[in-house]
Amino acid sequence: MGLLGMLLRMFGISSLRKRIVVFLAAGFLVCSILMATVSYNAIYTMQQNKIKSSMSFDLYQQSTTLTQIYGNLLQVTQQLAPQGNVGNMMEAYFSAGDVYDRHVLSLEISSTIGMITFSNPAIELVMYYSSQNGRPTFSNLPLRENFTLPSLPNLAGNGDIQYQAPHLSMCRFSDDQVVSVTRTIAFSDGTEQVIYVEAKTDIAADMDTLSSSMRMPYVLVLADPEGKVAYSSDSNVYPAGRHLSLTGNSGTTGGYVWNRMKSDYDYDAILLLPVSSYNHELYAWKNHMFLILGIALLVMLSIALLLLRLINRPLHVFEAEMEALGKGHLGAMHYRTGISEFDKLFDQFNKMKQQIQQLLIDVEDKEKRRHQLEIEKLAYQINPHFLMNALNSVRWLAILNRQTEIDKLVTSFIFLLSYNLGKSQEPATLRTELKVMRAYLDVQQMRYDFEVQLDVEEGGYLDRPVARFILQPIVENAVCHGLNENGKLKIGISPDETSRTVTIVISDDGKGLSPATLALLQPEAADSRQMGRGIGLRYVRSMLESFYGDKARLQIDSKPRHGTTVTMQLPFGKEEPRDPSFDRR
């Protein structure tokens, strides 16, 4: 309605009554143009489609069928050639000196030829023919008495292989139409034979069926590479032996419209249609004139319906938009009616949706900022806490040992502090998290006497992204608050390819937690009740929720004097390049 509405406004046509007059006048004009356009297109389309679509498709089907038959016959001749199964038997037959051996071989050859014809029902006559004495050496069926090789209608050939056009079967008891292939071969003893194989073809019946179904008297002609007709489905039109001089793939010649296709075996398949039948189709445009009148009437009725939709459709569109808004769809509507009242109403509705959408975006942004601030708050709480523990370890090491081990401690501490404060360039992968955790344990084992049992299953899952800083806080809780003297810390990490998850289990044999303390560490407990307890665990939970949403799971199990076990189950992340410097101690 954009351009039309602009034109109507330019001429001062804004009332409903004036627009009705304009639409009726436009309807009559459209009907007139439609009548002229459809009449022309009907004539032009019939001419083009008859040559380009119908004839081309029918010719392609017939040519493809013949190509398949020739291909099958060629495969049979390969079996009869000296390098084939039957050909090997013929080699033995010609070289055998004993009459009995020849008799046995002849029976075996006849049996094998019978099996070939049995597996190919379309194949009829298969034989070895001696051109020297003019008689068949082996044949599965009796041969016609007047058979001669020169009498075969050769269509195309390549060296010793010749392809014959459709002809009467050379079997004495068959009246089927067949196509055949001959192949001249020579055995090792110098004996020359001609392999003849024929297969039944329904090309004549197919052409009759096609002509009847299309009500067009089609004529199929097969010509050799020189243009000589070797086969014609209607010998009265183009008899065998006639020469055709055609250029291109389609055209008109001798009162026939033709379409030509070059086969894989270098012969031409040509489909012809009488021009009189072709032109008969063109006169169908008269029927289209009556159809055009009906269309014109429908256009007039459509104009009447358009007048109703001019008012009803905007109301339906507005109703649909209201329903979509109730379902949460806030996209702007671009429907314009050209009627000022409806357009103003739609504009106000779009403004209302934009305001609602902006309010939702603001609420979502505030929620994201609140969640980010909470994570930053927990990070700032845990960083000083960890820093104090590390510094305390350095102080005790300096006082008690006074050895060069301080260098190792300080180096590990620097790595831990850098990763903790987000200054490290290490990617946040499970392998990096293990590296950070081991550095922390190296620091703590210089101060405390405890045993660490680490069981990590190697695999590509270690190089996938994970939430940052999720292992060290839990290990720190176990070392600083759970383990006793000479305690034991167990850490196990294993993937599950079936569920695409990684299971991390960190357990100690320390003093454990009371049920009340354990309850305060659960995510259901309010922050006000936790009173500063479990800062590390809250940080880990926040990082898991921020990184994985609700797909990660963290569980704490503990009993007094029986230690504490923390289990995390994480989904696989995106695979990252492996860190070659990671130590697998």
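# Strand β11 and its surroundings

Seven bridges tie strand β10 (residues 256-262) to β11, and the two run antiparallel. This is a predicted model, so to speak of local features a pLDDT of at least 70 is needed, side-chain atom pairs count only at pLDDT 80 or more, and totals for chains, interfaces and linings use all residues. Residues are numbered from 1 along each chain as its sequence is written, and side-chain values use heavy atoms, with hydrogens and water left out. Helices (H or I, at least four residues) and strands (E, at least two) are DSSP runs, numbered from the N terminus.

**Strand β11 and its partners**

- Two strands pair if DSSP finds at least two bridges between them.
- In the pairing of β10 with β11, Met-261 has Ala-269 as its bridge partner.
- β10 and β11 make a hairpin, with five residues between them.
- On top of that, strand β7 (residues 219-223) is joined to β11 by five bridges, and these two also run antiparallel. Here Val-221 is matched with Ile-270 of β11.
- Strand β11 (residues 268-274) is largely enclosed by the rest of the structure, because seven of its seven residues are buried. Buried means under 20% relative accessible area, exposed means over 50%, and partly exposed is in between (1.4 Å probe, protein chains only).
- In a regular strand, side chains alternate between the two faces of the sheet.
- In β11, Asp-268, Ile-270, Leu-272 and Pro-274 point one way, Ala-269, Leu-271 and Leu-273 point the other way, and all are buried.

**Two residues with positive phi**

- Most residues other than glycine have a negative phi.
- Asp-266 is not a glycine, yet it has a positive phi of about 75°. You'll find Asp-266 in the loop between β10 and β11, where it is partly exposed at a relative accessible area of 42%.
- Arg-500 isn't a glycine either, and its phi is positive at about 55°. Arg-500 sits in the loop between β13 (487-496) and β14 (501-508), and it counts as partly exposed at 39% relative accessibility.

**Salt bridges**

- Side chains of opposite charge can pair when their charged atoms come close.
- The structure has nine salt bridges, each being a side-chain nitrogen of Lys or Arg within 4 Å of a carboxyl oxygen of Asp or Glu.
- One of them joins the side chains of Arg-370 and Glu-367 at 2.8 Å, N to O. These two are three residues apart in helix α8 (residues 340-400), so about one helical turn separates them. Arg-370 is partly exposed at 46% relative accessibility, and Glu-367 is partly exposed at 42%.
- Another brings together the side chains of Glu-458 and Arg-431 at 2.9 Å, N to O. This pair links distant parts of the chain, 27 residues apart: Glu-458 is in the loop between β12 (450-456) and α11, while Arg-431 is in helix α10 (residues 430-445). Glu-458 is partly exposed at 42% relative accessibility, but Arg-431 is buried at 0%.
- Salt bridges with shared partners also join Arg-260, Lys-262, Asp-266 and Asp-268 into one network. Within it, the side chains of Arg-260 and Asp-268 meet at 3.8 Å, N to O, and both residues are buried.

**Helices: what's covered and what shows**

- Helix α11 (residues 472-482) is mostly covered, with eight of its 11 residues buried. Among them are Gln-472, Pro-473, Ile-474 and Val-475.
- Ser-211 belongs to helix α5 (residues 203-214), and it is buried with a relative accessible area of 17%.
- The Ser-211 side chain reaches the backbone nitrogen of Tyr-218 at 3.2 Å.
- Leaving aside residues up to four places away in sequence, Ser-211 touches Met-216, Pro-217 and Tyr-218; contact means heavy atoms within 4.5 Å.
- Over in helix α7 (residues 285-326) you'll find Leu-301, which is partly exposed with a relative accessible area of 49%.
- Leu-301 joins Leu-297 and Leu-298 in a nonpolar surface patch of about 310 Å². Patches are made of residues with over 30% relative accessible area and no salt bridge, where like charges are joined within 9 Å and nonpolar side chains (Val, Leu, Ile, Met, Phe, Trp, Tyr) within 5 Å. Accessible areas come from the Shrake-Rupley method with a 1.4 Å probe, and for residues only the protein chains shown count as cover.

Notes: Polar contact = N/O pair within 3.5 Å; in protein donor to acceptor, adjacent residues only side chain to side chain.
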